[in-house]
Amino acid sequence: TKYPLGTVPPEAVYPRLRASLETSLAAMRLDRVDIMLLHSEIRPDDFDYPPGQPPKDERSTTLSLYREAVRPAFARLVQEGLIHHWGITGINHAAATIDALADAPLPVAVQAIANLLDSPGEMNGTGLAPRPRDVIAAAWAKGVGVMGVRAVQAGALTRAMDRQEKSATSDDFDRAAPFRALAAQWGEDPALLAHRYALGIDGVDTLVLGVKNVAELDQALEAERRGPLDVEQLAAIDALGLR
């Protein structure tokens, strides 16, 4: 389970995490969960988002709050037997995420962007380069598991977008045209290839699926059965220069 904490007073961190966790446990009829994730991106304390973005204290957690209050709150939930482990979300603010992984106590896992475009799409909005592979490498170096997200970049790496509005994802869909052409040349579904590519990124341990129906779930499971792409296929995709 996960919770988008944002930035709140330090004394509010544990009560909010605990309340969210209790709601999840009741919904799932469980006594504890394997992992609870901080679902807010971690940002430098002095960072200001570009105009038009949601309030920074709603969408992100400051690095100092993470160190001073979030980690101790998760440790308390572990002690109380409500969670086995805890993790963080490592998107958009690569430098801050790498800083968060620099000292103990460390999370057991970090969510990181894992797709062949290295793109978080409209999830970003920071004006910063996302640098997901730097985050993945930093996690791997510390023995922290990586949960890859956005394997098909919200539809940008599929055969067709299922929505028409202009967005960062639709821009990525246009940018990925050479990838779709390569998939057609190979006689493969691009979404299946995209999942297999993400599974083969060095340091990625598992994928968090963003499927919305059973057909998409079946396809993701087929990608897992077939496993990562071979070296030649990976090289051909990377040679397209899309990231």
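Here are three short exercises with worked solutions on the predicted model above.

Residues are numbered from 1 along each chain as its sequence is written. Since the model is predicted, local features need pLDDT of at least 70 and side-chain atom pairs count only at pLDDT 80 or more, while totals for chains, interfaces and linings use all residues; side-chain values use heavy atoms, with hydrogens and water left out.

**Exercise 1. Describe how helix H7 packs on helix H10.**

Step 1. Find the elements: H7 covers residues 177–186 and H10 covers residues 231–238. Helices here are DSSP runs (H or I, at least four residues), strands are E runs of at least two, and both are numbered from the N terminus.

Step 2. Recall that a packed pair is described by the angle between the two axes and the distance between them. The axes of H7 and H10 come within 10 Å and cross at roughly 145°. Such axes are lines fitted to C-alpha atoms, for helices over the stretch in contact, with angles from 0 to 180 degrees between N-to-C directions.

Step 3. List the contacts (heavy atoms within 4.5 Å). Phe179, Leu182 and Trp186 of H7 meet Gln233, Ala236 and Ile237 of H10. These residues divide into 5 nonpolar, 1 polar and no charged. Nonpolar covers Ala, Val, Leu, Ile, Met, Phe, Trp, Tyr, Cys and Pro; charged covers Asp, Glu, Lys and Arg; the others, Gly among them, are polar.

**Exercise 2. Is Ala114 buried or exposed, and which residues does Ala114 touch?**

Step 1. Place Ala114: this residue sits in the loop between strand E5 (109–113) and helix H5 (132–141).

Step 2. Check the accessibility. Ala114 counts as buried because its relative accessibility is 0%; buried means under 20% relative accessible area, exposed over 50%, and partly exposed in between (1.4 Å probe, protein chains only).

Step 3. Leave out residues up to four places away in sequence. Ala114 then touches Gly148, Val149, Arg150, Ala151, Ala198, Ile201 and Val204.

**Exercise 3. Which loop residues have unusual backbone features? Look at Pro105, Asn92 and Asp118.**

Step 1. Start with Pro105, in the loop between helix H4 (94–100) and E5. A cis peptide bond joins Ala104 to Pro105, with omega about 0°.

Step 2. Turn to Asn92, in the loop between strand E4 (83–89) and H4. Its phi is near 75°, a positive value in a residue other than glycine, and Asn92 is buried at 1% relative accessible area.

Step 3. Finish with Asp118, between E5 and H5. Asp118 is not a glycine, yet its phi is positive at about 55°. At 15% relative accessibility, Asp118 counts as buried.
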